[in-house]
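Hi,

Here is the structure I promised to pass on to you. Have it open while you read, and the notes below should be easy to follow.

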Amino acid sequence: MSQERLHIIGGGIIGLSAAWYLQEAGFAVTVVDRTSLDEGTSFGNAGMIVPSHFVPMASPGIIKKGLQWLLFPDSPFYIKPRLSLDLAKWLWQFYRSATPKHVTRSAPLLLEFNSWSKHLYRAFSKLEGFAGVGYEEKGLLMLYKTAKQEREERDIAEQAEQLGVDAKILSAEAVQELEPEMALDVRGGLYFPSDAHLAPPIFMHRMQTALRAKGVTFLTNTEVTGFATDGNRIKNIHTSTGRPIPTEQVLIAGGSWSKNLLRQLKVPILLQAGKGYSITLDAPEATPRIPTILAEAKVAITPMAGQLRIGGTLELGPAENGINTRRVKGILDSLPRYYGNLNTSATEKTPVWQGFRPCTPDGLPYIGRSQKWRNLSLATGHGMMGLSLGPATGKLISQILSETKPSIDATLFTPDRFGPF
Ligand SMILES: Cc1cc2nc3c(=O)[nH]c(=O)nc-3n(C[C@H](O)[C@H](O)[C@H](O)COP(=O)(O)OP(=O)(O)OC[C@H]3O[C@@H](n4cnc5c(N)ncnc54)[C@H](O)[C@@H]3O)c2cc1C
């Protein structure tokens, strides 16, 4: 029997992970991407693999905090002001989702999904073709300076304990012992020993090489511009190369641009881009050992493969290029408040990278089949956790499309939860 031809639109971490498991499930997989797959959101992110992140972005308290952040030009959160029905609908659903009930329902699922993904990453890191991806299980440190933030972190630690996640509140002295090279100026930290990290660009390149070797086809520098349909099926994919591509299954994994692709198929989804920035330096002499989030500043710091990556900011808006230098300065200015000896002078000569987190209103991804188009499915909307959730998403969508029993109950991820899909 000939293999079913499946096209994945988007070669970020979600598209490539899906390609891996769908190819193993017996599909003839082609990945179509408009870039040369050397850069983009899945390359410049902080590389954290985070079972610790079981609280979805839409959670109680976030609205008040978000409104306060909007007042400061260098704060970690911003909404680009504009008249947009899409944005209004997104914000309304975000507001409705930011409830204790939503967190109680979602937290065990996010934990299970992230833990599954971590195990799959661990397995990748042991494969021959994945040497040097920098996969390490050193945990994640949330450093805080204020009593208010300490209360928030203690609250998270309590929730973690209830869910069976290892989490420790540490004194300033105990944190200092974990980071002997750094002159820390903090009140304490929350340490999650079970988190992991890797170097995303190396992983993305190793993954492409391995996929090509497995027989996955890549159409790079090829933008998908539309679809031809026949009844309730997609028949052809139209691209910038001009030649229609006949298809049997389409998986959209277009990150923050998935919404534009789906609009052409008349299945609108609620999705906003959360722009963020990162700067990658050759590791300074005194470098943190453990991936860290500066809790008040919401800045992520990851030592990866001899380098140090510093990232942050979430600007909610359309996925459009442009660097807001005040927010980049906000990221960099936060560093000396926590570290007395982190030499970041090289940042002046280092280009700033920008990426777009695909954000859903309830902080859960969209993974599943379309009801309207029989051969369309979707895997996107992973927001701040797309790198972390890549492999588990790939495996889950392969189980859904090959009609084997999913390893987790993915009902909460159904793409039509805010409207028909
Ligand atoms: C500063 C920052 C730090 C982050 N840190 C972390 C972290 O530590 N851990 C974590 O888990 N997550 C992190 N994230 C989030 C993570 O990077 C994203 O969730 C993830 O990369 C999204 O992957 P994706 O495959 O869905 O989308 P993308 O990587 O954006 O891939 C989508 C692809 O679709 C292609 N595409 C779109 N439209 C078309 C079209 N019409 N035709 C052809 N191709 C198309 C694009 O070219 C792109 O390659 C961070 C994000 C940022 C910005």
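What follows is a short tour, from the whole chain down to a few charged residues.

One thing to keep in mind from the start: this is a predicted model.

**The whole chain**

Start by zooming out. The protein chain has 11 helices and 20 strands. Its radius of gyration is 21 Å, close to the 22 Å that the globule rule gives for 421 residues, so the chain is as compact as a globular protein of that length. If you lay a box along the principal axes, the C-alpha atoms fill roughly 65 × 45 × 45 Å. As for what is tucked away, buried residues account for 55% of the 421 residues.

**Salt bridges**

Now for the charges. Side chains of opposite charge can pair when their charged atoms come close. How many salt bridges does the count come to? The count is 16.

Try finding Arg122 and Glu137, whose side chains meet in a salt bridge with 2.7 Å from N to O. Arg122 sits in helix 5 (residues 100-125) and Glu137 in the loop between helix 5 and strand 5 (140-144), so this pair ties together parts that are 15 residues apart in sequence. Both ends can be seen from outside to some degree: Arg122 is partly exposed at 25% relative accessibility, and Glu137 is partly exposed at 36%.

Next, look at Lys329 and Asp333, which form a salt bridge with their closest N and O atoms 2.7 Å apart. Where do these two sit relative to each other? They are four residues apart in helix 10 (residues 325-338), so about one helical turn separates them. Asp333 counts as partly exposed, with 34% relative accessibility.

Then there is the salt bridge between the side chains of Arg369 and Glu403, at 3.6 Å from N to O. Arg369 belongs to strand 19 (residues 366-369), while Glu403 is in the segment after helix 11 (386-401), so the pair ties together parts that are 34 residues apart in sequence. Arg369 is partly exposed at 26% relative accessibility, whereas Glu403 is exposed, with a relative accessible area of 65%. Elsewhere, Asp86, Lys259 and Arg263 are joined into one network by salt bridges that share partners.

**A positive patch**

Which residues form a positive surface patch? They are Lys64, Lys148, Arg151 and Lys298. Lys64 is in helix 3 (residues 62-69) and is exposed, with a relative accessible area of 60%. Lys298 is in the loop between strand 15 (292-294) and strand 16 (299-304). At 33% relative accessibility, Lys298 counts as partly exposed.

**Two lysines with a positive phi**

Lys298 deserves a second look for its backbone. Most residues other than glycine have a negative phi. Lys298, though not a glycine, has a positive phi of about 55°. Lys266 is another case, with phi near 60°. Lys266 lies in the loop between helix 9 (258-263) and strand 14 (272-282). Is Lys266 buried or exposed? Lys266 is exposed, since its relative accessible area is 64% and the cut-off for exposed is over 50%.

If you want a place to begin, pick Lys298: this residue is part of the positive patch and also has the positive phi.

Have fun exploring!

Methods: Residues are numbered from 1 along each chain as its sequence is written. This is a predicted model: local features need pLDDT of at least 70, side-chain atom pairs count only at pLDDT 80 or more; totals for chains, interfaces and linings use all residues. Side-chain values use heavy atoms; hydrogens and water are left out. Patches are made of residues with over 30% relative accessible area and no salt bridge: like charges are joined within 9 Å, nonpolar side chains (Val, Leu, Ile, Met, Phe, Trp, Tyr) within 5 Å. Accessible areas come from the Shrake-Rupley method with a 1.4 Å probe; for residues, only the protein chains shown count as cover. A salt bridge is a side-chain nitrogen of Lys or Arg within 4 Å of a carboxyl oxygen of Asp or Glu. Lys and Arg count as positive and Asp and Glu as negative; His and the chain ends are not counted. The place of a charge is taken as NZ of Lys, CZ of Arg, CG of Asp or CD of Glu. Buried means under 20% relative accessible area, exposed over 50%, partly exposed in between (1.4 Å probe, protein chains only). The radius of gyration is taken over C-alpha atoms; the globule rule is 2.2 Å times the number of residues to the power 0.38.
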